[in-house]
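These notes record what I looked up in one structure, entry by entry. I began with the overall make-up and then turned to single residues.

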Amino acid sequence: MHPIEQAFSTSYLVALLMGLFSALHCLSMCGSIIGSLTLSLRREIRDNKGLLMPFVLSYNMGRITSYAIGGLIAGLLEHVLSIPLGEGHGHRVLQILSALVMLGAGLHIGGWFPRFAYIEKGGALFWKRLEPYGRRLIPVETLPQAFFFGMVWGWLPCGLVYTALALAATTGDVVRSTFTMLSFGIGTLPAVVGVGIMTSLLVRLSRMQKFRQIAGITLIVLAVLAAFPGLNPLVLHHLEY
C-alpha cells in the first residue's frame, strides 16, 4: 500500500470526529437505550450517580467492544477482496466505497440526503435475530450484564456506524481497522455517557441546522480525502526505499 493512502486510512482522528458527529445524529436512539438500561436498575442505583456511572460505563465498554469486533471483521474484508482483485485493486475498491458511504453520511447529517437512512435496513435482518438476546439481559443487575447488554446493542443498525466501518475497511491492516473503530466508539462517548451538561449541549447543537451543516460538510471533505488521499495536507509524505 502507498504510504499516503495508508497514513490517511489509518487516521484515528478522522474516526474520532466521525464518532462525535454520529453522536449528534444518534443521540435520541442511544439515549433511549441508556434510558432502558437505567430504568431496569434498582432504585438505589438509579438515584445515586456514583453507583449508576459504573453501569453506564460497562454498557459503553460493551458497545465499543462490538465496534472493535466490527472493525476487525472490516479489516479482514480487504484481505478477502485482495484474493480475486489483487492487493492494490482490492484496497482501491474499498477506498472508493468508503468515500461514497462517507459522502452519503455527510449529506445526510447536513440535511441534504435523508434517504441515506435506508442504509440501516442492510443490518435489520441480523439485528432482528440478535436483539432478543439483549432483551433477555433486562433487568440489568450486575456490571457484566451491563457489558453484555452493551455488546448486543452495539450491533444496532446505524448508518453512521456503517460509515465508520467503511473507513476501517480501507486501513489495510486488521489491527488498524480495529483501533479505527475503537476511536470511533470513543468519539460517541460524550453524548452517550454524558449526563447533564454535555448531553444537553449536544442536544442543542444537534437542533442547530447550521451546526449540522458544518458537520455534514466536514464529513464530505473527509470523503474527498478518502477518495483522493494525496490531497490530504495532514499526511506525512514518506520516501519509499
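The entries below go from the whole chain to its cores, its rings and a few chosen positions.

**Entry 1. Overall make-up.** I note at the outset that the model is predicted. I counted the secondary structure and found eleven helices and zero strands. Read from the N terminus, the order of elements is therefore α-α-α-α-α-α-α-α-α-α-α. I then looked up burial: the protein has 241 residues, and 48% of them count as buried. For the accessible surface I have about 12,400 Å², with 70% of that area belonging to carbon and sulfur atoms. I also took the contacts between residues at least 6 apart in sequence; 77% of these join residues at least 24 apart.

**Entry 2. Nonpolar cores.** Which residues have the most contacts inside the largest nonpolar core? I found M18, M102, M181, F184 and L219, in a core of 29 residues. Two or more residues of this core come from each of α2 (12–40), α4 (49–85), α5 (87–109), α8 (159–168), α9 (174–193) and α11 (209–227). I also recorded a second core, separate from this one, with 22 residues; I33, F55, L130 and A146 are among them. As general background, nonpolar side chains tend to be buried together in soluble globular proteins.

I followed M18 further, setting aside its neighbours within four places in sequence. M18 is in contact with M102, F184 and L219, and its partners also include T163, A164 and L167.

**Entry 3. Aromatic pairs.** A search of the whole structure gave me six aromatic pairs. I examined F126 and W155, whose ring centres are 5.9 Å apart. Their planes stand at 80 degrees, and the cut-off for edge-to-face is over 60, so I entered the pair as edge-to-face. F126 belongs to helix α6, whereas W155 sits in the loop between α7 (143–153) and α8; the pair links distant parts of the chain, 29 residues apart.

Are these two rings buried or exposed? Neither word fits, because partly exposed covers the range between 20% and 50%: F126 has 48% relative accessibility and W155 has 27%. I also noted a cluster in which ring pairs link Y59, W127, F149 and W153.

**Entry 4. Helix α6 and the loop after it.** Helix α6 spans residues 124–136 and contains E131. I entered E131 as buried because its relative accessible area is 18%, and the limit is under 20%. The side chain of E131 makes a polar contact of 2.4 Å with the side chain of R135. I next looked at Y133 and found R136 over the face of its ring, 4.9 Å from the ring centre.

Where is P139 placed? I located P139 in the loop between α6 and α7. The peptide bond between I138 and P139 is cis, with omega at about 5 degrees.

**Entry 5. Helices α4 and α9.** I64 is in helix α4, and I list I64 as buried, since its relative accessible area is 6%. Not counting residues up to four places away in sequence, I64 touches L182, G185, I186 and L189. I also looked up the spacing from I64 to G150: the two are 86 residues apart in sequence, and their C-alpha atoms are 8.0 Å apart.

T178 is placed in helix α9. With a relative accessible area of 15%, T178 is buried as well. Which residues does T178 touch, not counting those up to four places away in sequence? I found A68, G71 and L72.

**Entry 6. Helix α11.** I compared two residues of this helix, I214 and A226. I214 counts as exposed, because its relative accessibility is 53% and the cut-off is over 50%. A226, by contrast, is buried, with a relative accessible area of 4%.

I then checked a C-alpha separation for each of them. I214 and G110 are 104 residues apart in sequence, with 7.2 Å between their C-alpha atoms. A226 and M102 are 124 residues apart along the chain, and their C-alpha atoms are separated by 8.6 Å. M102 had already appeared in my notes, as one of the residues with the most contacts inside the largest nonpolar core.

Methods
Residues are numbered from 1 along each chain as its sequence is written. Side-chain values use heavy atoms; hydrogens and water are left out. Helices (H or I, at least four residues) and strands (E, at least two) are DSSP runs, numbered from the N terminus. Buried means under 20% relative accessible area, exposed over 50%, partly exposed in between (1.4 Å probe, protein chains only). A polar contact is a pair of N or O atoms within 3.5 Å; within protein, one must be able to donate a hydrogen and the other to accept it, and residues adjacent in sequence count only if both atoms are side-chain atoms. A nonpolar core is a set of buried Ala, Val, Leu, Ile, Met, Phe, Trp, Tyr and Cys residues joined through side-chain atoms within 4.5 Å. Contact means heavy atoms within 4.5 Å. Accessible areas come from the Shrake-Rupley method with a 1.4 Å probe; for residues, only the protein chains shown count as cover. Rings of Phe, Tyr and Trp (its six-membered ring) pair if their centres lie within 6.5 Å; planes under 30 degrees apart count as stacked, over 60 as edge-to-face and the rest as tilted. A charge sits over a ring if NZ of Lys or CZ of Arg is within 6 Å of the ring centre and within 35 degrees of the ring normal.
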